[in-house]
Amino acid sequence: IVEPTEDPNKFQVKESEDSAKVATVEVDATVKWNNIEFKGCMICTCCFYTSTNRPCPCILRVCQHKQIDHQNPKIVHPRYWIAFHPLYNVALSELGLSDYDMAPWTSL
């Protein structure tokens, strides 16, 4: 169950009406990682997200509720963006490819 809060960017997610566990999902959050601020990420207070920084069922439920594309890389914590892999640029150059223009990391 997804319920809006007073803040239009935050939603409370529960498994059911009777569930005591409540997680808060922030839709347009700012995440600081490697001394860079990333805007537009989705974060959650549930134990899965806080321990892994990976999209959790709560985030996916809010995506479904708000009709947000769950395959958009911006909802994933920047730690998991492929462009930050140490060999990403090496692989692109060896394959003779260029990074795509609309990637969230192109403005960095």
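Trainee: Across which strands does α2 lie, and at about what angle does α2 run to β4?

Mentor: Good place to start, and keep in mind that this is a predicted model. Look for the helix α2, residues 57-66, and follow it over the strands. It lies across β1, β2, β3 and β4, and its angle to β4 is about 90 degrees.

Trainee: In what order do the four strands of the open sheet come?

Mentor: Let's build it up pair by pair. β1 and β2 run antiparallel and are joined by three bridges, with five residues between them in a hairpin. Next, β2 and β3 pair over four bridges, and β3 and β4 pair over seven. The order is therefore not a matter of guesswork: the open sheet reads β1-β2-β3-β4.

Trainee: Which are the edge strands?

Mentor: An edge strand pairs on one side only. In the antiparallel order β1-β2-β3-β4, look at the two ends. The edge strands are β1 (2-4) and β4.

Trainee: How many degrees does the twist average from one strand to the next?

Mentor: Picture stepping across the open sheet, in the order β1-β2-β3-β4. From each strand to the next, the average twist is 35 degrees.

Trainee: Which residues make up the covered face of β2?

Mentor: Here a general idea helps: side chains in a regular strand alternate between the two faces of the sheet. In β2, Lys10 and Gln12 are on the uncovered face. Across the pairing, Val2 stands opposite Val13, and Phe11 stands opposite Val25 in β3. The covered face of β2 is Phe11 and Val13.

Trainee: Which element gives the most residues to the largest nonpolar core?

Mentor: That core has 16 residues, and Val25, Met42, Cys44, Cys58, Ile59 and Val62 have the most contacts inside it. At least two residues come from each of β2 (10-13), β3 (23-33), β4 (36-44) and α2 (57-66). With four residues, the element giving the most is α2.

Trainee: Which residues of the core does Met42 touch, among those with the most contacts inside it?

Mentor: Leave out residues up to four places away in sequence, and Met42 still touches a list that includes Glu26, Val27, Tyr49 and Cys63. Now compare that list with the core residues that have the most contacts, which include Val25, Ile59 and Val62. The ones Met42 touches include Val25, Ile59 and Val62.

Trainee: Which residue is the bridge partner of Glu26 in β4?

Mentor: β3 and β4 are antiparallel partners, with seven bridges. Glu26 takes part in this pairing, and its partner in β4 is Ile43.

Trainee: Which residues is Gly40 in contact with, leaving aside neighbours within four places in sequence?

Mentor: Start by finding Gly40 in strand β4. Its C-alpha atom is 9.9 Å from that of Val76, although the two are 36 residues apart along the chain. For contacts, the list is Val27, Asp28, Ala29 and Lys74.

Trainee: How many disulfides are there?

Mentor: A disulfide is a covalent bond between the sulfur atoms of two cysteines. The cut-off used here is 2.5 Å between the sulfurs. For Cys44 the nearest cysteine sulfur, that of Cys46, is 3.7 Å away, and for Cys63 the nearest, that of Cys56, is 9.4 Å away. The count of disulfides is zero.

Trainee: Is Cys63 buried or exposed?

Mentor: Buried means under 20% relative accessible area. Cys44, at 5%, counts as buried. Cys63 has 2% relative accessibility, so the word for Cys63 is buried.

Technical notes
Residues numbered from 1 in each chain as written. Predicted model: local features only at pLDDT ≥ 70, side-chain atom pairs only at ≥ 80, totals over all residues. Heavy atoms only, no water. Core = buried A, V, L, I, M, F, W, Y, C linked by side-chain atoms within 4.5 Å. Buried < 20%, exposed > 50% of the residue type's maximum accessible area, 1.4 Å probe, protein only. Contact = heavy atoms within 4.5 Å. Pairing = 2+ DSSP bridges. Axes fitted to C-alpha atoms, helices over the stretch in contact; angles between N-to-C directions.
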